[in-house]
Amino acid sequence: MGRTSLQMRLVGAHGSRSLRAVARGAGGGGAGGQVRSKSAATSSVLSTSSVVHRQHWGFKHREYGLQWYPSRDALLEADPGPVLVGTSYEYAKGERVTQARKYSAFQSHEDYFEVINDRLNDGLLHNLHEVMQETEARCLYFDLDGPPSYRAIHNTIISLLRQYVWWFFGGERRAWRPEALEPVVLTSEDPNKYSAHVVFPEVQFRDHAHQEEYIKVLLSALPALTVDMPDGSKLPLLEKIVDCMPYSRFQLFRGPYACKLKQGQLMADTCLEPEGYFRSDPLAAFASHVDPGYALPLPSVEQLLAENEELRHFRNSRSRLISLSARRGQNGMVSSQDEANLFQPLFQMPGDGELDLVGMTDVEQFETALKWLHPHRATQFWSWFRLSGVTYSMLARYTDNPGARRRILDAHFAWSRGYESFDKEENVNMIEKSQGRPVSGLSLLMRLARFDNPDMTVRETVMRIAFSGLERPWKTSAAVAVRAEA
């Protein structure tokens, strides 16, 4: 398939009325489906039609018939079994309610599904997440997120995703049978958004490194598939709804029939229910379960790029855009997570001109650069997460300068208010979580400003000028008091 074959028309299949609704929903969303979670109240439907599970308050060592551990390190040290799982719980932190994760393991996916099945038979909800370690095999999977209006074209979305995966792996060149790449689709009835998990049991990776080779190329080519809308515009549908985040080295992924935890309740309408099973195998609904008997032979990434000019075009274009955002003399390499989430072409804005930062203090540059970011970055979780780390690093530079710290926080809050459900407390929590973790400094923010404005000239000095001459060497291990100043 070439570019033309990936341009789909939906008008005949669904009618213009539903597509106009989809177009309205698409217009206001963020990039790549990774929208920050809203702090909405529990739905009235849930409170009247499902069980309230108050037992998810506080850390409990025993739950779901398993022994639980408070951290990843504690879990791996205990080595309780080969099939790792996680679940959420809530606890009080001062006057706030905070959510955390704990970890355990099953001896097999059969045991995992047996617990799920027993709870279904007893009319009970659950919050079990698969956990994929860096060294473990896994199948190709996707997390789809979009506005509720996308539910009207759910079947079309899944069909397009399947066609895209077929095109990416060159199914026709491989002479794969027509029924190949049958996905397991899990959907929820969440009224706040369209949500689905999709697992392809026939596409299997040895470990995270093997998965990453393919995923970074696959995600970079998502704009290849566009949909013709009734108004004549083209919608890069998959680029908008495929979440590029859930591919980390220690990845949690909500499992079959799992619900989200909110305000002490498991939300029944967020239950991810399989629409069917691959070859009637319920274990195929787990992204972390691989059956070698299902596996299709995969060509190397190098072979895929060599034989597909269109795929090569999109991969090279993404690499070039990222490289151009680096300052002269700066290492242009970025992590795969940043590449997939921070450096999306959807964030690039038209317009030339010059942004002159020469002579500004680092605080002034921080304030100015935030104003030049694409507005939708405030709605994307990964941008918010990474820029909260930048804010923390800036605060750590000025532990003895309350005026500078006030300006840094005010600039962060002003930028983050671009998210319609902005909450100051939530932002303080995210900034505080950077303590003790490796975070990026002002250079990342400056690079994103250059990336989002590719036709604009950005003038800046290599040496950072400290605000009021009170710059301090910073370490993320140092405690930085954020809350009192917020």
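Two strands count as paired here if DSSP finds at least two bridges between them, and with that criterion in hand this predicted model can be toured sheet by sheet.

Begin by selecting β5, β4, β6 and β12, which form an open sheet of 4 strands in the order β5-β4-β6-β12, with antiparallel pairing. At its edges you will find β5, residues 96-106, and β12, residues 251-254, each of which pairs on one side only. Looking along the sheet, you can follow a twist that averages 35° from one strand to the next.

Next, narrow the selection to β6, residues 129-132, together with β12: these two strands run antiparallel and are joined by 4 bridges. Within this pair, highlight Val131, which stands opposite Leu252 in β12.

Then move to the other group of strands, β7, β9, β8 and β15, where 4 strands again form an open sheet, in the order β7-β9-β8-β15 and with antiparallel pairing. Because β7 (138-146) and β15 (273-274) stand at the edges and have a single partner strand each, one side of each is left without a neighbour in the sheet. The partner to show beside β7 is β9, residues 194-205, and the two pair in the antiparallel sense over 9 bridges; here Arg138 stands opposite Phe205 in β9.

Finally, add the helices to the view. Helix α5, residues 154-169, lies across β7, β8 (184-187) and β9, and its direction makes an angle of about 30° with β9. Helix α6, residues 208-220, lies across β7 and β9, running at about 40° to β7.

Note on methods: Residues numbered from 1 in each chain as written. Predicted model: local features only at pLDDT ≥ 70, side-chain atom pairs only at ≥ 80, totals over all residues. Heavy atoms only, no water. Contact = heavy atoms within 4.5 Å. Axes fitted to C-alpha atoms, helices over the stretch in contact; angles between N-to-C directions.
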